[in-house]
Amino acid sequence: MAIGIRKDTSQYTSGSDALHASMFPEHGLLETTEQIRRFELLRLAFFVLKLRKLEQRIADSQTSMESSQEQKDEQGFRRNLLHHVIFQQVLTLIKLDGRGQAMQIIEACQN
């Protein structure tokens, strides 16, 4: 069964589709503080999971000792960059009163 994209978003085929569609702004613009907060929380989760994946890769390469110094430097750079991005996301979420949720996401993604 192929998945299609409808241009007419005013009609939905089921209640669950309507629920999921109501979570996103109609015109693709974030209008309320709650919408912006949810988007920023999603971005934070993405970056924290990327960091977790990178750290797992670094740990695996350290145990195998196959990485060159250049690869280790690149991985260190990426790790530092992700730490910076996560820090910036947390600052943004603090301004949006989402500090508690941000900390919950970070803690959940690290486990």
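# Notebook: a four-helix model

**Overall layout.** I started with the secondary structure and counted four helices and zero strands in the protein. The model is a predicted one, so I kept in mind that local features need pLDDT of at least 70. Reading from the N terminus, I noted the order of elements as α-α-α-α. I then looked up burial: 23% of the 111 residues are buried. The protein exposes about 8,900 Å², and carbon and sulfur atoms supply 55% of that area. For contacts between residues at least 6 apart in sequence, I found that 72% join residues at least 24 apart.

**The core.** Which residues have the most contacts inside the largest nonpolar core? I listed Leu 44, Val 48, Ile 86, Ile 105 and Ile 106, in a core of 16 residues. Helices α2 (33-64), α3 and α4 (99-110) each supply at least two residues of this core. The largest share comes from α2, with eight residues. I set this beside a general tendency: in soluble globular proteins, nonpolar side chains tend to be buried together.

I picked Ile 105 for a closer look. Leaving out residues up to four places away in sequence, Ile 105 touches Leu 41, Leu 44 and Ala 45.

**Cys 109.** Next I went to Cys 109, which lies in helix α4. Is Cys 109 buried or exposed? Its relative accessible area is 10%, so I filed Cys 109 as buried, the cut-off being under 20%. With residues up to four places away in sequence set aside, its contacts are Ala 45, Val 48, Leu 49 and Arg 52. I also checked the spacing to Val 48: the two residues are 61 apart in sequence, while their C-alpha atoms are 6.5 Å apart in space.

**Arg 37 and its neighbours.** Arg 37 is placed in helix α2. I computed 14% relative accessibility for Arg 37, so this arginine counts as buried. What does Arg 37 touch, not counting residues up to four places away in sequence? I wrote down Leu 93, Leu 96, Asp 97, Gly 98 and Gln 101.

One of those contacts, Asp 97, got its own note. Asp 97 is found in the loop between α3 and α4. Its phi is near 60 degrees, a positive value in a residue other than glycine. At 67% relative accessibility, Asp 97 counts as exposed.

**Salt bridges.** How many salt bridges are there? My count came to five. I looked at three of them, beginning with Arg 37 and Glu 34, whose side chains meet at 2.3 Å, N to O. Why are these two about one helical turn apart? They are three residues apart in helix α2, which means a separation of about one turn. Glu 34 is partly exposed, with a relative accessible area of 34%.

Glu 34 also meets Arg 38 in a salt bridge, at 3.1 Å, N to O. Both of these residues lie in helix α2, four residues apart, again about one turn of the helix. Arg 38 is partly exposed, at 45% relative accessible area. I therefore drew Glu 34, Arg 37 and Arg 38 as one network linked by salt bridges, each bridge needing a nitrogen within 4 Å of a carboxyl oxygen.

The third bridge I looked up joins the side chains of Arg 43 and Glu 40, at 3.5 Å, N to O. Arg 43 and Glu 40 are three residues apart in helix α2, about one turn of the helix. Arg 43 counts as partly exposed at 32% relative accessibility, whereas Glu 40 counts as buried at 11%.

**Aromatics.** I searched for aromatic pairs and the structure holds one. Phe 46 and Phe 47 make up this pair, with 5.4 Å centre to centre and 65 degrees between the planes. I labelled the pair edge-to-face, because that class takes planes over 60 degrees apart. Phe 46 is partly exposed at 48% relative accessibility, and Phe 47 is buried at 16%.

**A surface patch.** My last lookup was for nonpolar side chains on the surface. Phe 87, Leu 91 and Ile 94 form a nonpolar patch there, with about 250 Å² of accessible area together. Of the three, I checked Phe 87, which lies in helix α3 (residues 69-95). Phe 87 counts as partly exposed, at 49% relative accessibility.

Definitions and conventions. Residues numbered from 1 in each chain as written. Predicted model: local features only at pLDDT ≥ 70, side-chain atom pairs only at ≥ 80, totals over all residues. Heavy atoms only, no water. Patch = residues over 30% accessible without salt bridge, like charges linked within 9 Å, V, L, I, M, F, W, Y side chains within 5 Å. Areas by Shrake-Rupley, 256 points an atom, 1.4 Å probe, with all protein chains shown as cover. Buried < 20%, exposed > 50% of the residue type's maximum accessible area, 1.4 Å probe, protein only. Core = buried A, V, L, I, M, F, W, Y, C linked by side-chain atoms within 4.5 Å. Contact = heavy atoms within 4.5 Å. Phe/Tyr/Trp six-rings, centres within 6.5 Å; stacked < 30°, edge-to-face > 60°.
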